[in-house]
Amino acid sequence: MEIRRSTEEVEENHVMQITGSNGIVHNMEFMPQAYLRNQYSSEIDIDEEFVSSYPLEDAPLPIFLKFEDVEYKVRNSQASSANLVKTMVSKVVTHTNPDPDGYKHILKGITGSTGPGEILALMGPSGSGKTTLLKIMGGRLTDNVKGKLTYNDIPYSPSVKRRIGFVTQDDVLLPQLTVEETLAFAAFLRLPSSMSKEQKYAKIEMIIKELGLERCRRTRVGGGFVKGISGGERKRASIAYEILVDPSLLLLDEPTSGLDSTSATKLLHILQGVAKAGRTVITTIHQPSSRMFHMFDKLLLISEGHPAFYGKARESMEYFSSLRILPEIAMNPAEFLLDLATGQVSDISLPDELLAAKTAQPDSEEVLLKYLQQRYKTDLEPKEKEENHRNRKAPEHLQIAIQVKKDWTLSWWDQFLILSRRTFRERRRDYFDKLRLVQSLGVAVVLGLLWWKSKTDTEAHLRDQVGLMFYICIFWTSSSLFGAVYVFPFEKIYLVKERKAEMYRLSVYYVCSTLCDMVAHVLYPTFFMIIVYFMAGFNRTIPCFLFTVLTILLIAITSQGAGEFLGASVLSIKRAGMIASLVLMLFLLTGGYYVQHIPKFMQWLKYLSFMHYGFRLLLKVQYSADQLFECGSKGGCRTLQSSSSFDTVNLNGGLQELWVLLAMAFGYRLCAYFCLRKKISICHL
């Protein structure tokens, strides 16, 4: 992008204040309005260095991004329900009112362009539409979008998706993995299979050194309640995670948010190096320091969804000085521009015609914003459209290359092996949690002591032992159900991010998740039953013991599948917990212990309850219909089948409950997978 200056048009009788590269305001001559029409141009330099360097083995594909008259709108209910606080701030700052068509217009005709080697900064007040525009550029928002958006003069398509890296404002990295593990698993999942293991590790080492992550490479990423690396290190790790696969277009949503000035400047220096490697970098920024501001190549200033300036960041002050809008005191250029974007004119001088218009109308802020939007439409936008959107085209070989879709770098089985290792390493602290172990073993010991050497010689003793059976069923149903119901809601943001980048197949993730979690759902019930079984005096035969343990494991695995289904169907921590509590209560009441003779119009509930089938199966495994009890009573010995505890259970009725539970375990997981696929496809970060 070049700015060609015409010194003949400089008017010497006016002096302006403009901020230099050090952020201090200096005096210099300003340009008249004709300067804009003849001199300002925001050309995309289709740099031969980047174009000719492709294809090289390590060079990303150059992408020249153009966006013209981009508009975006959402329904008013959607806009307000998504984030109430942000909606209120947006209304106060941008003075936007609901549109008569029931939609709120977020973006209103944004035009611009950028290319490899450049950093484009999107600036504007909160609620102006910066993040929305960034998501549209990354292909993450497609509904209700109007306008033209091209990559190397080709519209967005699935082939572009894997060439885009997106760093969200909130760093989305698995907290229990170290920085090195995070990058290693990403490399083995995303880098092509043609690269050897040594080449992948060499690339990881190179990126760790380039982004200054050597000191924290073996430290957990952390986040939330998990102690980990600092905010600046976490942000650099997020960038490393994306540039690992050489994205051609790197998008960052407020990467300096929460960082001090020194860390933010260091981060921007890193982004400059990323851009110089041949990538197109676009970032939203709220209020950068003076030094950071002059590190941007291009700047797009957004106000109320309208563009107020587009061009070189260093020359933004010259543009507004040509409009006779000048800072009266020394100030950060970013602060000056944000004041203009919000209509605040404290310590800012305005041209006479604008002052007169403000005096005539009570809403002075609206007058300034409309003036800036109008001048952009007449002075800057036509030039941008003519030079970069009409007359400049990307080379044909780049247009062809951008349409080539990258296939999966790994087979299903290879992805499974890598992802299962990552899943297990991420969750192993939960699997082998000391508190969880103490809970299981402690409850087992307490139950064993309460039912110490229980017998079945009388009806009362039999009911006690049957009650223990039902409690064991309840304990592992609730433990497995609530252990699984929160898995997908908690990992939703990670799953959405990695699926948007097409990092792996969703089926691979689901199989790895359910199989790894099954470790805990098999290990703890087994230890539990070994303790309880012999302390409580159950039937001491090897087949009976093995079948009882297998039945408990089947109940736990079925409950796990039900929990996954409930969690995947809502993907909300709060709602998933409420639904799981309700389902557990219904299944508990219809399990066959509290109420054996359920009214006919409610009997359908018990056939949906896996607890009902699990409890019946436990009774059939543990007891025999012709076993005698009550031999010391006046009536003489009776068979167990005659006991009121087994009124609704035929102890010789076969093990059809086993097949029902197996079908339920598989069916719940199948439903969970399809629910997860549907929910994830419509989720956005």
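Thank you, everyone; let me begin with the protein chain as a whole, whose secondary structure comes to 26 helices and 16 strands. Please keep in mind throughout that this is a predicted model. Of the 685 residues in the chain, 55% count as buried, and among the contacts between residues at least 6 apart in sequence, 77% join residues that are at least 24 apart.

I would like to turn now to one of the sheets, and then to a helix that lies across it. The sheet is an open one of four strands, taken in the order 4-3-6-7, and its pairing is antiparallel. As a reminder, strands of a sheet pair through backbone hydrogen bonds, and they may do so in either a parallel or an antiparallel manner. Which strands stand at the edges here? They are strand 4, residues 103-114, and strand 7, residues 154-155, and each has a single partner strand, so one side of each is left without a neighbour in the sheet. Strand 7 runs antiparallel to strand 6, which covers residues 145-151, and the two are joined by two bridges; if you look at that pairing in the model, you will find Thr-150 standing opposite Pro-155 of strand 7.

Across strand 3 (65-75), strand 4 and strand 6 lies helix 5, made of residues 130-137, and the helix runs at about 120° to strand 3. Is helix 5 mostly covered or mostly uncovered? It is mostly covered, with eight of its eight residues buried, and the buried residues include both Lys-130 and Lys-135, alongside others such as Leu-133, Leu-134, Ile-136 and Met-137. Just after helix 5 comes Gly-139, which takes a positive phi of about 75°.

My last topic is a pair of helices later in the chain. Two packed helices are described by the angle between their axes and by the distance between those axes. For helix 21, residues 506-535, and helix 26, residues 656-682, the angle is about 135° and the axes are 11 Å apart, which means that helix 21 is oblique to helix 26. The crossing of these two helices is right-handed. Which residues meet there? From helix 21 we have Leu-506, Ser-507, Tyr-509, Tyr-510, Thr-514 and Met-518, and these meet Arg-669, Ala-672, Tyr-673, Leu-676 and Arg-677 in helix 26. By character, the residues of this contact divide into seven nonpolar, two polar and two charged. With that I will stop, and I am glad to go back to any of these regions in the model.

Technical notes: Residues are numbered from 1 along each chain as its sequence is written. This is a predicted model: local features need pLDDT of at least 70, side-chain atom pairs count only at pLDDT 80 or more; totals for chains, interfaces and linings use all residues. Side-chain values use heavy atoms; hydrogens and water are left out. Axes are lines fitted to C-alpha atoms, for helices over the stretch in contact, and angles run from 0 to 180 degrees between N-to-C directions. Angles under 35 degrees count as roughly parallel, over 145 as roughly antiparallel, 65 to 115 as roughly perpendicular and the rest as oblique. A crossing is left-handed if the near helix is turned anticlockwise from the far one by less than a right angle, and right-handed if clockwise. Contact means heavy atoms within 4.5 Å. Ala, Val, Leu, Ile, Met, Phe, Trp, Tyr, Cys and Pro count as nonpolar, Asp, Glu, Lys and Arg as charged, and the others, Gly among them, as polar. Two strands pair if DSSP finds at least two bridges between them. Buried means under 20% relative accessible area, exposed over 50%, partly exposed in between (1.4 Å probe, protein chains only).
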